[in-house]
Amino acid sequence: MSATTTQFGQLPALHLRAPDGAEATITLYGAHLVSWKPVSSSAAPAQERLFVSSLSALDGQRAIRGGVPVIFPQFAERGSGMRHGFARVSTWRALEQGEQDGAAFAVLALSQADLAPDVAAAWPAPFELTLRVAVRGAELDMQLTVRNTGTQPFPFSAALHTYHQVEDVEAVRIEGVQAETLAITDKLDQVFERIAGQIAFDTGADKLNLQQSGFTDAVVWNPGAADAAALSDLEDEEYRRFVCIEPALLQPAVLEPGGSWKGEYRVTVAP
């Protein structure tokens with residue numbers, strides 16, 4: 001089977017497995033990608049590519065720390081609503097799953113009718129989100145689609161807040177977000193606007209190529225030692241094991257009735 005039901009902590013989830021052995025796990029809570037294990041042409045065993053904190057809540061009571069949180073309809077505190085929006089703390093529906101062109105995929109959906117009453121009251125605009133996740137070989141593809149199913153326009157921001165797992169954050173080098181190579185030597189929370197083309201991500205052990213469309217910006221984040229110590233759902237030293245490089249649409253876009261927007265993100269482990 002290309003997709004099977006499973007559990008991740010206490011959370012119902014889908015496990016994808018492509019014919020070539022690439023794997024991924026997505027929880028229905030938040031449509032949260034919590035595991036991605038690509039395969040390579042070498043004989044090396046598949047490695048986990050996403051970081052999830054050992055202290056993260058996995059019971060649906062609070063957002064998961066790690067993986068790929070779906071950010072919608074607001075980024076961080078850039079708005080009057082819930083920080084990073086409600087999509088990452090809502091339970092999505094599995095719409096479709098299967099195999100296509102050698103990839104295992106799943107499509108999850110969230111609409112206004114799926115929201116908790118207090119959340120729906122705070123966000124009265126009818127909408128539908130779909131997230132398609134597909135894996136094969138050394139490649140991960142994610143597509144986030146936003147649809148306005150109501151009669152009034154609404155503004156929104158969106159991001160795929162990807163926690164890339166690394167051996168040591170100080171060994172990381174990132175090219176394609178600014179003129180010079182970006183290294184992380186301390187706490188970093190930086191926005192890079194109007195990203196065009198490909199981001200080259202050197203983990204210190206190997207290289208990944210990151211491509212995005214629809215998303216106009218990128219955010220690079222690591223809490224550093226001081227901020228990590230203040231986070232209850234992160235071990236003090238775990239900040240060394242990840243860097244967030246996230247495709248984002250930070251300036252709110254206005255979606256007209258009947259309109260749709262799509263953001264795509266592709267991560268490939270370089271040969």
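## Strand S18 and its partners

Three bridges tie strand S11 (residues 163-165) to S18, and the two run antiparallel. At one spot along that pairing, Gln-165 sits opposite Phe-242 in S18. Bear in mind throughout that this is a predicted model.

S18 has other partners too. S10 pairs with S18 in the antiparallel sense over five bridges, and Phe-154 faces Leu-255 of S18. Strand S17 (residues 217-222) also pairs with S18 over five bridges, again antiparallel, with Trp-221 standing opposite Cys-244. As for cover, S18 (residues 242-255) is mostly tucked away, with ten of its 14 residues buried.

## The nine-strand sheet

Then there is an open sheet of nine strands, with antiparallel pairing and the order S6-S7-S8-S9-S19-S16-S15-S12-S13. S6 and strand S13 (182-183) stand at its edges with a single partner strand each, so one side of each has no neighbour in the sheet.

Let's zoom in on S16. On one flank, strand S15 (residues 198-202) and strand S16 (residues 207-213) are joined by five bridges in the antiparallel sense. Asp-202 has Lys-207 in S16 as its bridge partner, while Phe-201 stands opposite Leu-208. S15 and S16 make a hairpin with four residues between them, and Gly-204 in the turn has a positive phi of about 100 degrees.

On the other pairing, S16 meets strand S19 (residues 260-269) over six bridges, also antiparallel, and here Leu-210 is set opposite Val-267. In a regular strand, side chains alternate between the two faces of the sheet. S16 shows a covered face made of Leu-208, Leu-210 and Gln-212, and an uncovered one made of Lys-207, Asn-209, Gln-211 and Ser-213.

## Aromatic contacts

A search of the whole structure turns up 15 aromatic pairs. Take Phe-72 and Phe-127: their ring centres are 5.7 Å apart and their planes sit at 40 degrees, so this pair counts as tilted. Phe-72 belongs to the loop between strand S5 (70-71) and strand S6 (93-100), whereas Phe-127 is in strand S8 (residues 127-136), so the pair ties together parts that are 55 residues apart in sequence. Both Phe-72 and Phe-127 are buried.

These two rings also have company: Phe-72, Phe-86, Trp-123, Phe-127, Phe-154, Phe-156, Phe-215 and Trp-261 form one aromatic cluster. For a charge over a ring, look at Arg-132, which lies over the face of Phe-105 at 4.4 Å from the ring centre.

## Two pockets

The largest pocket has a volume of about 440 Å³. It has 23 lining residues, and those closest to its centre are Arg-65, Arg-83, His-84, His-161 and Trp-221. By class, its lining has eleven nonpolar, two polar and ten charged residues. Trp-221 is the residue already met opposite Cys-244 of S18.

The second largest pocket comes in at about 310 Å³. Its lining has 17 residues, and Pro-73, Gln-74, Gly-81, Met-82 and Trp-123 lie nearest the centre. Helix H1 (117-122) and strand S10 (154-160) each supply at least two of the lining residues, and S10 gives the most, with three. Here the split is ten nonpolar, six polar and one charged. Trp-123 is also part of the aromatic cluster.

## Backbone oddities

A few backbone spots deserve a look. The peptide bond from Phe-72 to Pro-73 is cis, with omega near 0 degrees. Pro-73 is in the loop between S5 and S6, and it is one of the residues nearest the centre of the second largest pocket. Phe-72, on the other side of that bond, is the buried ring paired with Phe-127.

Two residues have a positive phi although they are not glycines. Ala-31 has a phi of about 45 degrees and is found in the loop between strand S3 (23-27) and strand S4 (32-37). Arg-194 has a phi of about 55 degrees and lies in the loop between strand S14 (188-192) and S15. Is each of them buried or exposed? Ala-31 has 0% relative accessibility and so counts as buried. Arg-194 is exposed, with a relative accessible area of 68%.

Notes. Residues are numbered from 1 along each chain as its sequence is written. This is a predicted model: local features need pLDDT of at least 70, side-chain atom pairs count only at pLDDT 80 or more; totals for chains, interfaces and linings use all residues. Side-chain values use heavy atoms; hydrogens and water are left out. Rings of Phe, Tyr and Trp (its six-membered ring) pair if their centres lie within 6.5 Å; planes under 30 degrees apart count as stacked, over 60 as edge-to-face and the rest as tilted. Buried means under 20% relative accessible area, exposed over 50%, partly exposed in between (1.4 Å probe, protein chains only). A charge sits over a ring if NZ of Lys or CZ of Arg is within 6 Å of the ring centre and within 35 degrees of the ring normal. On a 1 Å grid over the protein atoms alone, a cavity is a set of points where a 1.4 Å probe fits but cannot get out, and a pocket is an open set with protein on both sides within 12 Å along at least five of seven lines; lining residues have an atom within 4 Å of a point. Grid points are joined across faces, edges and corners, and a volume is the space filled by probe spheres set on the points. Ala, Val, Leu, Ile, Met, Phe, Trp, Tyr, Cys and Pro count as nonpolar, Asp, Glu, Lys and Arg as charged, and the others, Gly among them, as polar. Two strands pair if DSSP finds at least two bridges between them.
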